[in-house]
Amino acid sequence: MKRIRNENINTKEYWGNVHKSGQMVEGDDWLKNSVITNHTSELASENSTIFIQDMKSKTDQWALATLVRKERVVDPRPQYQRGPVWSLSQKQLLIDSVLRGIDIPKIYLRELPAQITRKRRPNYQYEVIDGQQRLRAMWDFFRDDFGLADDSDPVDGFKIAGFQYSDLPERLKDDLDIRQLSVVIISDADDIEIEEMFLRLQNGTTLKAAERRNAISGKVRDFIKAVSQHKLFKKSVIFKDTRFAFNAVAAQMLALELVGGPTDIKDRNLEQVYRNNDFNPNGRAPKHLKKVLTYLAKEFDERTPELKKQVVVSLYLMVSDLLKNYSISRTLKRGEFKDWFLEFEKYKITELAKPDEEKRDSDIETYNFHIQQGTNRKESLAARHESLMKLFLLRFPKVEYRDPQRLFSSIQRLAIFRRDGGLCRSCRKKVDWDDFAADHIKPHIKGGKTTLENGQLLCALCNSKKLDK
Ligand SMILES: [Zn+2]
């Protein structure tokens, strides 16, 4: 464990919340009685070693007026920070608390190294590591951007309800101006150390997993950030980018692409993807990912209400498979995929409306079950994928499987079995799943394609007879 060089602060003081296993509510979330989720405390216990080398820190008391005056030199939104999310009532509560002399948690600022200030952000001397929401609330209040709540009780006999800063009596303004706040100034720290610190300070609060991941620097983060700006997200999907939702879905897509098929895409798994230092943004997987997104964006060229998060992930997996292993770009015309998908959604509704569950399409049942639960689990993604692909191939029997060995894919086999009703097409006998052969009607050596159209169910006996001919 490395030491921090300054005596003003001990490690326990600012890593305290981490070691106490996330029961404390710190920083900007002090107002909320937040429930600590499992995954945040997991991260805390995983990384409880301290990686700080030459970083210095000192705790100062700053008058609130000083903090307000520094607004123009404090960067409230460095890369790793989340956007402004406090509601009006949270901001009002903070100012109300300051007016009543209630203690406010420390604010953590990073003193920017001269080279960063000169090159990247010439206006800034500091960036906020923790306390962004509190600072914004104070800055906004001093600018008269909002007033106190209409039902606020008087302070020291002075009425404050509904008041903006400029409405306050001089006495209270003076009190506010000179209110002392604890500010921890971190200096001589590099970006990685600061990001680590941000993560630690946010642990045990309600920071969302996607926001935490966004604070991990590296090629994966930058790649996902770029992907989250794709047209598909901006123009087609129905969900909004609140709390890095686009990043989260883009990260799930990358995780699936790196594995090359269904895999677990929970927060824990995504965090591992972010920490992959060998990631090459020009590698095969990221390139294919972009190709898939471009395909989807061309198909869904307008906002589509059906495109919810889980649905987008499933469609991603499907098109990734289709573009990699099947001949869809040749077989389908522009718009046909979208039309199929919208038909599928309608079909789903009709099927699920059938009162007798036995009579519903089993693929629709499977899909519907898994799109609602355990959606980020490998099993759920695989089941959805299989159902969608089967229905798709049944609808487009000319789609060819591009397997070098010219065998039918497992999903094509499932679709053939289902289409032919489990009966041998030659002798019409019922065939067990174990004994069935997916046969090329026109043999592959004679140019027959590996498509559903050219595939048929044969029993083992008929299949061997055909091969003997
Ligand atoms: Zn047969």
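1. Let's start in the sheet, with Leu109, which stands opposite Ile185 in β5. Do bear in mind that this is a predicted model. Leu109 belongs to a pairing between strand β3 (residues 107-111) and β5, which is parallel and runs over 4 bridges.

2. On to the other pairing of β5. Strand β5 (residues 180-187) also pairs with β1, this time in the antiparallel sense and over 8 bridges. If you want a place to look, find Ala63, whose bridge partner in β5 is Gln180.

3. Now the sheet as a whole. It is an open sheet of 5 strands with mixed pairing, and the order is β1-β5-β3-β4-β2. Its edge strands are β1 (56-63) and β2 (74-75), each of which pairs on one side only. At the β2 end, 2 bridges join β2 to strand β4 (residues 126-130), and these two strands run parallel. Here Val74 stands opposite Tyr126 in β4. Across the protein, the secondary structure comes to 21 helices and 7 strands.

4. A residue worth a glance here is Arg69, which sits in helix α3 (residues 64-69). Is Arg69 buried or exposed? Arg69 is exposed, because just 12 other C-beta atoms lie within 10 Å, and 12 or fewer is the cut-off for that class. Arg69 and Trp139 are 70 residues apart in sequence, yet their C-alpha atoms are 8.8 Å apart in space.

5. Two loop residues deserve a look at their backbone angles. Most residues other than glycine have a negative phi. Asp156, however, has a positive phi, near 50 degrees. Asp156 is found in the loop between α6 (132-142) and α7 (170-178), and it counts as exposed, with 12 C-beta neighbours inside 10 Å. Asp188 is not a glycine either, and its phi is positive at about 55 degrees. The loop that holds Asp188 runs between β5 and α8 (191-202). With 15 C-beta neighbours inside 10 Å, Asp188 counts as partly exposed.

6. Next, the interior. Buried residues make up 36% of the 469 residues in the protein. The largest nonpolar core has 65 residues, and those with the most contacts inside it are Ala250, Ala251, Met253, Leu254, Tyr316 and Leu393. Helix α12 (residues 245-259) gives the most to this core, with 9 residues. Where does this core lie with respect to domain 2 (219-395) and domain 3 (410-468)? Both domains give residues to the core, so it lies between them.

7. Ala250 makes a handy way into that core. Leaving aside its neighbours within four places in sequence, Ala250 is in contact with Ile224, Val227 and Ser228. There is also a second, separate core of 35 residues, which includes Ile160, Tyr165, Leu176 and Met197.

8. Two of the contacts of Ala250, Ile224 and Val227, lead us to helix α10 (residues 219-227), whose buried residues are Val220, Arg221, Phe223, Ile224 and Val227. Seen down the axis of α10, these buried residues fall within an arc of 165 degrees, so they line one face of the helix. That face packs against α9 (209-214), α12, α13 and α14 (284-299).

9. Helix α13 (residues 267-274) can be read in a similar fashion. Which of its residues are buried? They are Asp267, Leu270, Val273 and Tyr274. Seen down the axis of α13, they fall within an arc of 110 degrees, so they line one face of the helix. As general background, an α-helix has 3.6 residues a turn, so residues three or four places apart point the same way.

10. Last, please look at Glu400, which lies in the loop between α19 (378-395) and α20 (410-419). Glu400 is partly exposed, with 19 other C-beta atoms within 10 Å; a residue needs 20 or more to be buried. Apart from residues up to four places away in sequence, Glu400 touches Tyr326, Ser327, Lys449, Thr450 and Thr451. The C-alpha atoms of Glu400 and Tyr326 are separated by 5.4 Å, although the two residues are 74 residues apart along the chain. For the wider picture, among contacts in the protein between residues at least 6 apart in sequence, 71% join residues at least 24 apart.

Methods:
Residues numbered from 1 in each chain as written. Predicted model: local features only at pLDDT ≥ 70, side-chain atom pairs only at ≥ 80, totals over all residues. Core = buried A, V, L, I, M, F, W, Y, C linked by C-beta atoms within 7 Å. Domains from an automatic or database assignment. Contact = placed C-beta atoms within 7 Å. Arc of directions from axis to C-beta. Pairing = 2+ DSSP bridges.
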